[in-house]
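The following points are offered as a colleague's note on the structure shown below. They address the principal pocket, the aromatic contacts and one loop residue.

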Amino acid sequence: MIRRVGERVQTQRKYTLRPGAYAILERSGLVLLTHQSAPIPELQLPGGGIDPGEQPVAALHREVYEETGWTMRISRRLGAFRRFTYMPEYDIWAEKLCTVYLCRPGRRIGPPTEPAHLPVWLPADEAADALGNAGDRHFLRSLL
């Protein structure tokens, strides 16, 4: 059974399955997050949706670069969680199946290419409190 976090499932809603891959990027006690300013400002683990036909690891590398401007390498898969939520940027109700990986940042290539995203380095304990969703917080806290 995959842990469900966040809002309760609304039985009258039709949810679109949206698989995604997310990274906990840790270096020397700091964690690299992304601040997404729109549509709702929040700090998140870098990552996102896996496009049709795309492999999860390739999607994670792409998303981390787009949202932070950094490269990375995967250390190991930590687990997964599900969120049932409205995604205003796509105007859909989604069942987000989020797979979380522990990763090491590589190097910064440039600024994020994804609009409304900025890289943010925080101490791990501070980052765990600042993350915008319970699934992200759970996985980061499990490492502390």
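1. The lining of the largest pocket comprises 16 nonpolar, 10 polar and 13 charged residues. The model is a predicted one. In total, 39 residues line this pocket, and the space within the pocket amounts to about 740 Å³.

2. Which residues of the lining lie nearest the centre of the largest pocket? They are Q36, Q44, M87, E89 and K96. With regard to secondary structure, at least two lining residues each are supplied by the strands β2 (16-27), β4, β5 (47-49), β6 and β7 (92-108), and likewise by the helices α1 (56-68) and α3 (134-143). Strand β6 provides the largest share of the lining, 6 residues.

3. The whole structure contains 5 aromatic pairs. One of them is formed by W70 and W121: the ring centres are 5.4 Å apart and the planes stand at 75°, so the pair is classed as edge-to-face, the cut-off for that class being over 60 degrees. This contact joins distant parts of the chain, since W70 belongs to strand β6 (residues 70-87) and W121 to strand β8 (residues 117-123), with their positions 51 residues apart in the numbering.

4. The two partners fall into separate accessibility classes. W70 has a relative accessibility of 12% and therefore counts as buried, whereas W121, at 31%, counts as partly exposed.

5. A further aromatic pair, Y86 with W93, is tilted, with 5.2 Å from centre to centre and 50° between the planes. Both residues are assigned to the intermediate accessibility class: Y86 is partly exposed at 33% relative accessibility, and W93 is partly exposed with a relative accessible area of 21%. Y86 and W93 also belong to one aromatic cluster, together with Y15 and F84.

6. A contact between a charge and a ring should be noted as well. The charged end of R18 is placed over the ring of Y90, at 4.7 Å from the ring centre.

7. Is I40 buried or exposed? Its relative accessible area is 51%, so I40 is classed as exposed, given that the cut-off for this class is over 50%. I40 is located in the loop between β3 (30-36) and β4 (42-44). A distance of 21 Å separates the C-alpha atom of I40 from that of Y65, a residue 25 positions away along the chain.

Definitions and conventions: Residues are numbered from 1 along each chain as its sequence is written. This is a predicted model: local features need pLDDT of at least 70, side-chain atom pairs count only at pLDDT 80 or more; totals for chains, interfaces and linings use all residues. Side-chain values use heavy atoms; hydrogens and water are left out. Rings of Phe, Tyr and Trp (its six-membered ring) pair if their centres lie within 6.5 Å; planes under 30 degrees apart count as stacked, over 60 as edge-to-face and the rest as tilted. Helices (H or I, at least four residues) and strands (E, at least two) are DSSP runs, numbered from the N terminus. Buried means under 20% relative accessible area, exposed over 50%, partly exposed in between (1.4 Å probe, protein chains only). A charge sits over a ring if NZ of Lys or CZ of Arg is within 6 Å of the ring centre and within 35 degrees of the ring normal. On a 1 Å grid over the protein atoms alone, a cavity is a set of points where a 1.4 Å probe fits but cannot get out, and a pocket is an open set with protein on both sides within 12 Å along at least five of seven lines; lining residues have an atom within 4 Å of a point. Grid points are joined across faces, edges and corners, and a volume is the space filled by probe spheres set on the points. Ala, Val, Leu, Ile, Met, Phe, Trp, Tyr, Cys and Pro count as nonpolar, Asp, Glu, Lys and Arg as charged, and the others, Gly among them, as polar.
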